[in-house]
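Let's take a walk through this structure together, looking at what surrounds its ligands and how two of its helices meet. Have the viewer ready so you can follow along.

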Amino acid sequence: MSKGRIFSGMQPSGRFHLGNYLGALDNWINLQDDYECFFSIVDLHALTSTFENTSRMRENVLQMALDWLSAGLDPEKNVIFLQSHVPAHAELHLLLSMMTPLSWLERVPTYKDKLQQLGDMGKEINTYGFLGYPTLMTADIILYKADTVPVGEDQLPHLELSREIVRRFNNLYRPIFPEPQAFLSKASVLPGIDGRKMSKSYGNEIPFGASPDELRARVRLMITDPQRIRKTDKGDPDVCTVYTFHKIFNQEACAGIGARCRNAEIGCVDCKKQLAECMVAALSDIHARRQDLEKKPEYIREILVHGAERAQETASKTMAEVRDAMNLFA
Ligand code: AMP
Ligand code: TRP
């Protein structure tokens, strides 16, 4: 029995990391058995910040599909597709843009923040498309009449706006869309190797597709309790990034490791070695699947093409209703 319909998307804007996996994708994987799910690689959204240099776009899309599939997102259970393969996203976005007041878009907090953040990096993104980012997100979601949207907390203002746009459409024409609700992941924010939030923009990430040797190298660079200088100093695991990872990847042994750190019975080098081996073991199946899939780009392409066909079926039905509700000439 399906509990409802889900839509979610991720931008193919670089290498997927463990924070994306534990904070978002793992949540999707847990939902795939209970909901009817549409998961989209949102390349049109990525263009809002990468339009000046799109040379990596194809590669990024392929890598994201590889990450999703190797993590266990099942193309039989879910509709997995590329946003730009289904032109109805662009069409509905245009229609919604006619009824979305500029003031609603201008007051979205992420709009101003990102404008400033990317502006500081010398990127010019103050475009028409960037301002309309949440309108395109709304089109994504309601094209499939999704009622549930698994996202991170940072996306809540966008969903609030989506509900306002839906209410406006339903009032102006005919109530055909449900108001989408956010479904927050329970996972907390994963730190990167420097202790700040794991993020591509900080360069502190652990790539999800990392090989065992890459994993070991990244763990070796993790910061530990800065007060603990010598092995004989007692440590505080609660401020240690390595310990945060032990809690996730080495749940059974982590209480013991914490106690030994507090008593200066285990050194950071040893502690990191143990963690690295736990992470290598925990991610080994995913890594093997990824290596296997990397050899089959045609198979990945087929999954995306087939996914787009299935998405298009639902999207076409919605667009017929929208055109009718808006009295567009049939
Ligand atoms: P982004 O890479 O910022 O586009 O994020 C894609 C998804 O991964 C969003 O749902 C984020 O909330 C989630 N995410 C990104 N970084 C982290 C992190 N360090 N810890 C947990 N979740 C994250
Ligand atoms: N803006 C989302 C992010 O950066 C990605 C996204 C695009 C999305 N369209 C969506 C998420 C629709 C949920 C629903 O994470």
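What follows visits the two ligands in turn and then a pair of helices. Please keep in mind that this is a predicted model.

Start with ligand 1. Which residues surround ligand 1? Early in the chain you will find His17, Gly19, Asn20, Gly23 and Ala24. Further along the sequence, the shell also takes in Gly152, Asp154, Val189, Leu190, Lys197, Met198 and Lys200. By character, this shell divides into 4 nonpolar, 5 polar and 3 charged residues.

Now zoom in on the polar contacts of ligand 1. Two of them involve the protein backbone: a backbone N or O atom of Gly19 sits 3.1 Å from a nitrogen atom of the ligand, and a backbone N or O atom of Leu190 is 2.8 Å from a ligand nitrogen. Asn20 takes part through its side chain instead, with a polar atom 3.0 Å from an oxygen atom of ligand 1. How much of ligand 1 does the protein bury? On its own the ligand exposes 470 Å², and 78% of that is buried by the protein.

Next, move over to ligand 2. There are 13 residues around ligand 2, and those that come nearest are Gly9, Tyr133, Met137, Asp140 and Gln155. Three of these residues reach a ligand nitrogen with their side chains. For Tyr133, a polar side-chain atom lies 2.7 Å from a nitrogen atom of ligand 2. For Asp140, the distance from a side-chain N or O atom to a ligand nitrogen is 2.7 Å, and for Gln155 the corresponding distance is 3.0 Å. Taken alone, ligand 2 has 370 Å² of accessible area, of which the protein covers 89%.

Which elements give two or more residues to this shell? They are strand β1 (5–10), helix α8 (133–142) and strand β4 (148–151). Helix α8 supplies the largest share, with 4 residues. Sorted by character, the shell around ligand 2 holds 7 nonpolar, 5 polar and 1 charged residue.

Finally, turn to the helices. Helix α1 spans residues 18–31 and helix α3 spans residues 57–71. Their axes come within 10 Å of each other and cross at roughly 60°, which means that α1 counts as oblique to α3. The crossing of these two helices is right-handed. As you trace α1 in the viewer, look again at Gly19 and Asn20, two of the residues that surround ligand 1.

Methods: Residues numbered from 1 in each chain as written. Chains lettered and ligands numbered in written order. Predicted model: local features only at pLDDT ≥ 70, side-chain atom pairs only at ≥ 80, totals over all residues. Heavy atoms only, no water. Near = heavy atom within 4 Å. Polar contact = N/O pair within 3.5 Å; in protein donor to acceptor, adjacent residues only side chain to side chain. Areas by Shrake-Rupley, 256 points an atom, 1.4 Å probe, with all protein chains shown as cover. Nonpolar A, V, L, I, M, F, W, Y, C, P; charged D, E, K, R; others polar. Axes fitted to C-alpha atoms, helices over the stretch in contact; angles between N-to-C directions. Parallel < 35°, antiparallel > 145°, perpendicular 65-115°, else oblique. Left-handed = near helix turned anticlockwise from the far one by under 90°.
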